[in-house]
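Trainee: Before we go through this one, I would like each descriptive term set against its cut-off.

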Amino acid sequence: MIYNNLGHSDIQVSRICLGTMTWGEQNTQDEAFEQMDYALENGVNFWDTAELYSVPPRAETYGRTEEIIGNWFAKHGRRSEVVLASKIAGPGEFVRHIRGGNGRFNREQIHQALDASLKRLQTDYLDLYQLHWPERQTNYFGQLGFSEPAHQENGLTPFEETLEVLTELVKAGKIRHIGLSNETPWATMKMLHIAESKGLEKIVTVQNPYSLLNRSYEVGMAEIAYREGVGLLAYSPLGFGVLSGKYLQGQLPKGSRLDLFPHYDRYSNDNAVKATELYASLARSKGLSPTQLALAFVNSRPFVSANIIGATSMAQLKENIASIEINLDDDILQRIEEIHRQYTIPSP
């Protein structure tokens, strides 16, 4: 396993991060326990979860993933061996079961959400606490370009208040570091400026989508990562499993995510399929699986603090973790760029 700093912090994390959002929906607790056992024994010391999970978000499974992780800690201990990250949900109609769908990153709600997460996780601190998506209307969750908000934004929490509360929680020992997720360059730099000017806690990471099908992070955010020491936690590195190639030629494996949840079609448009065909062909010509190529590419990016992999089977988990052993040569990287120029960000 390869280890590096979590952003500009001094915490050492595995380049492969264990994603957990299927636990409690597509995976049982016993299956999740097996994944945690295997991951930790194979050097994956960084795990990411959220109060939102399991996914798809439903009232019936809200917080279930955190509960499963907490049960694992209760059974095995070993909390000090794991760098644990979670997230507070933002607003939205699709999360009306979470604080009425009117999530705010204010003092009251941050305390409420964090305390509930700590209780479910059966721990008294988080190594990283992230804002899952913005309060404001902006481009995230599949939207590439920014559009003027369709309606007036009222009651948004000032960034200063959010950072003040998070700083207090760091000083209290409940969290060690803070991060953003599904965020834009504007807000990232705004928060960094406020933190520096007011002596508040500085974000160490941004968890955004990044894969062969979505390299939008390279426009704006990658320079921030380099100059400010804010590392990328890359989620959906396989594009909801699309980059594994298992959906090509119209295949729809029984029990797969797109079989169970067909509305998760963010990475399934025509150009994404065409790009995936080319990436899969390139991988096989080099003796790699499409999964290995896609994950090894993300692993190789200098602005990535961790590559968040997810799996519903042990075979998938083992292949995903083993991707850390693959080095892509200059010829493969050049051919990836050629495909990227032909199909640039087909799935933002």
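Mentor: What follows is a short set of questions on a helix pair and a strand.
Mentor: The model is predicted, with local features needing pLDDT of at least 70, side-chain atom pairs counting only at pLDDT 80 or more, and totals for chains, interfaces and linings using all residues. Residues are numbered from 1 along each chain as its sequence is written, and side-chain values use heavy atoms, with hydrogens and water left out.

Trainee: Why is α1 called oblique to α2?
Mentor: Helix α1 (residues 29-41) and helix α2 (residues 64-76) pack at about 60°, their axes 10 Å apart. Angles under 35 degrees count as roughly parallel, over 145 as roughly antiparallel, 65 to 115 as roughly perpendicular and the rest as oblique, so α1 is oblique to α2.

Trainee: Which residues of α1 and α2 meet?
Mentor: Contact means heavy atoms within 4.5 Å. In α1, Phe33 and Met36 are among those that meet residues of α2, including Ile68 and Trp72. By class, this contact of α1 with α2 has seven nonpolar, three polar and three charged residues.

Trainee: What makes strand β10 mostly covered?
Mentor: Buried means under 20% relative accessible area (exposed is over 50%, partly exposed in between, with a 1.4 Å probe and protein chains only). Six of the six residues of β10 (residues 304-309) are buried.

Trainee: How do you know that β3 and β9 pair with β10?
Mentor: Two strands pair if DSSP finds at least two bridges between them. Three bridges join β3 (residues 16-19) to β10, running parallel, and Cys17 stands opposite Ile308. Three bridges also join β9 (residues 231-235) to β10, again parallel, with Ala306 as the bridge partner of Leu233.

Key
Axes are lines fitted to C-alpha atoms, for helices over the stretch in contact, and angles run from 0 to 180 degrees between N-to-C directions. Helices (H or I, at least four residues) and strands (E, at least two) are DSSP runs, numbered from the N terminus. Ala, Val, Leu, Ile, Met, Phe, Trp, Tyr, Cys and Pro count as nonpolar, Asp, Glu, Lys and Arg as charged, and the others, Gly among them, as polar.
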